[in-house]
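Biologist: Got a minute to go through this one with me? I'd like to hear the reasoning behind the labels.

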Amino acid sequence: MLTRSARGALSALALLLAGTSLATASPGAGVPVRSGGAPPPAAVAAHPAYGAFLAARFAAAEGDVGYAATAYLKVLASDPANQELAQQAFIVSVLAGRPEASRLAAQLSGNPIAQLLLVDNEMKAGNWDAAERRARALPSQGLTQIVQPLLIAWAQSGAGRTDAALATLRPLVEGTRFRGVYALHAGMIADVGGRTAEAGRLYKIAQTNFDGVNLRLAQIVASWQARQGHLADAQRILQQATSGGDAMALAQPALVASSLTRPVNRPTDGVAEAYLALAGALRQQDATDLSLLLLHLALELRPDFTPARMLTADIMEGTHHPDGALAMLAPVSDQDPLASVVRLNRAQLLNATGHSDEAVRQLERLAHDYPASPAPDVALGDILREKFRYQDAIAAYTRALARKKPGADGVWPLLYARGVAYERSHQWPLAEADFRKALELSPNQPIVLNYLGYSWADQGVNLPEARKMIEAALRQRPDDGAIIDSLGWVTLRQGDPQAAVKLLERAVELQPVDPTINGHLGDAYWAVGRKLEATYQWRRALTLHPEPEDAARVEARLRDSGALADQPMADNHSSTIQ
């Protein structure tokens, strides 16, 4: 199962790649393909493949590219000359890893992804001269303009022509656009070709021309340093690259241990690196559909390319397809240098797919295997808190805090998370202490200001200070429904129900399915005498799955209002923490 890649691939993405309209099928040419809606009614009755076409479109819209590919190929078989159908069948076939993608690519001379696939096929077969010819024939514009010189150079490298490959990239290394990328690939080509001094010079250029920390660059350069005998430099590079978070730091020992192994050994490995880099850049621009296509090309060349699998899984998870993300990570070996991070991701994905007990077991094993890392216990605490196991969550967060080095980044979020668990388990003095400590470490954090201010308002204490905190949070996040709700709640507690109604109505507009906010609006309506609307909001809050304690409070309000008679209670499970 994939993300919105199916929808984008069959609409905007196809237009982007091919420059053609999906609405150009001629009236008599097979199944009509129209981008704006259903085909003509006559065609529905007339064409026997139309059912498969509808099934393909539906499967693609749902992200089931395997079924979509089968259905589109079936429709295309009934109308093989239909280029629009061929485009759609090709895209889903690539995303599904279907072998038919290569056959379709040969028919799509105007589709750059199709042409990249044909270059890749020549490379996999070792036909380096043919691969170079195909690469040179790519259009020097758009997507292919960036990767064309890299494909040419790697094809020359595969043919044993290292000097020619370096000469191909030299003008780009000396230029200004994407200089770091071209220098990195030239360095890898020199490395594979045994040009030690040239490789070192090019890797240095790549390091100085990349923006920010790049883990993949760090792995490649650290491997170079380690293989030249500079193990301390290799370790320093990898430590810097993994210092941005506890999760990636899990992998640092394995990355250092693997640094003596060259990460790129074949031209196809180098091309996969190029696709990964471009996919990462496109993902940052929210072009996830095209990013996924490039990642699938990378994995066709290099199935064990874990960074490509991780980025693909991350895109899938981010667009609500955790099952597909799990499947993407399944082949990653426990011996892979990034295996610890993948194990952490798998556990979180298991929880997202409803297998929370197994997720907890895997995180407990991971914490046992990496006793110095806080990351497994942080993830474990989050899952346990989500399951209302607050005491267990507190224990996990406490272990994670104990594993944090003094002065380390990321302490305040842990204190906040533990404070939430304390508050939900009625241990307010401990919760308040954690919130105050979090604000000492990182003042003006809006989520902490809001939670502490809201909690005081809910208890009816420190109302002026609570209001100041909530207003400070709102200045940073003026359209945050939860913070506006908190301001409405403290306003109600301070005795201004009319103003509270306006604020809480705005909060409900921003977060209409939050049970807490809907319940608060009911309270405000009741306070201004709008009793019918109040009971409606309370009943609505009960349908939105509040936490059991919050549901009991809303039910009590309905009971006190006399509006609970003959109203079935909601089956309450969870709510968004304020």
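Biologist: Where in H10 does the kink lie, and about how many degrees is it?

Modeller: Keep in mind that this is a predicted model. The kink sits at Gln 148, shortly before the proline Pro 149, and comes to about 35 degrees.

Biologist: How do you know that the length of H10 agrees with what a helix should span?

Modeller: Residues 142-158 make 17 residues, and at 1.5 Å a residue they should span 24 Å. The end C-alpha atoms are 25 Å apart, so that agrees.

Biologist: What makes H10 mostly covered?

Modeller: Of its 17 residues, 13 are buried.

Biologist: Why is the contact of Asp 377 with Arg 399 called a salt bridge?

Modeller: The cut-off is a side-chain nitrogen within 4 Å of a carboxyl oxygen. For Asp 377 and Arg 399 the closest N and O atoms are 3.0 Å apart, so the pair counts. It links distant parts of the chain, with Asp 377 in H24 and Arg 399 in H25, 22 residues apart.

Biologist: Why does Asp 377 count as buried or exposed?

Modeller: Buried means under 20% relative accessible area, and Asp 377 has 1%, so it counts as buried. Arg 399 has 35%, so it is partly exposed.

Biologist: And what about Glu 432, buried or exposed?

Modeller: Glu 432 has 19%, so it is buried. Its salt-bridge partner is Arg 436, with the closest N and O atoms 3.8 Å apart. The two are 4 residues apart in helix H27, so about one helical turn separates them.

Note on methods:
Residues are numbered from 1 along each chain as its sequence is written. This is a predicted model: local features need pLDDT of at least 70, side-chain atom pairs count only at pLDDT 80 or more; totals for chains, interfaces and linings use all residues. Side-chain values use heavy atoms; hydrogens and water are left out. The expected span of a helix is 1.5 Å times one less than its number of residues. The bend at a residue is the angle between axes fitted to the seven residues ending there and the seven starting there. Buried means under 20% relative accessible area, exposed over 50%, partly exposed in between (1.4 Å probe, protein chains only).
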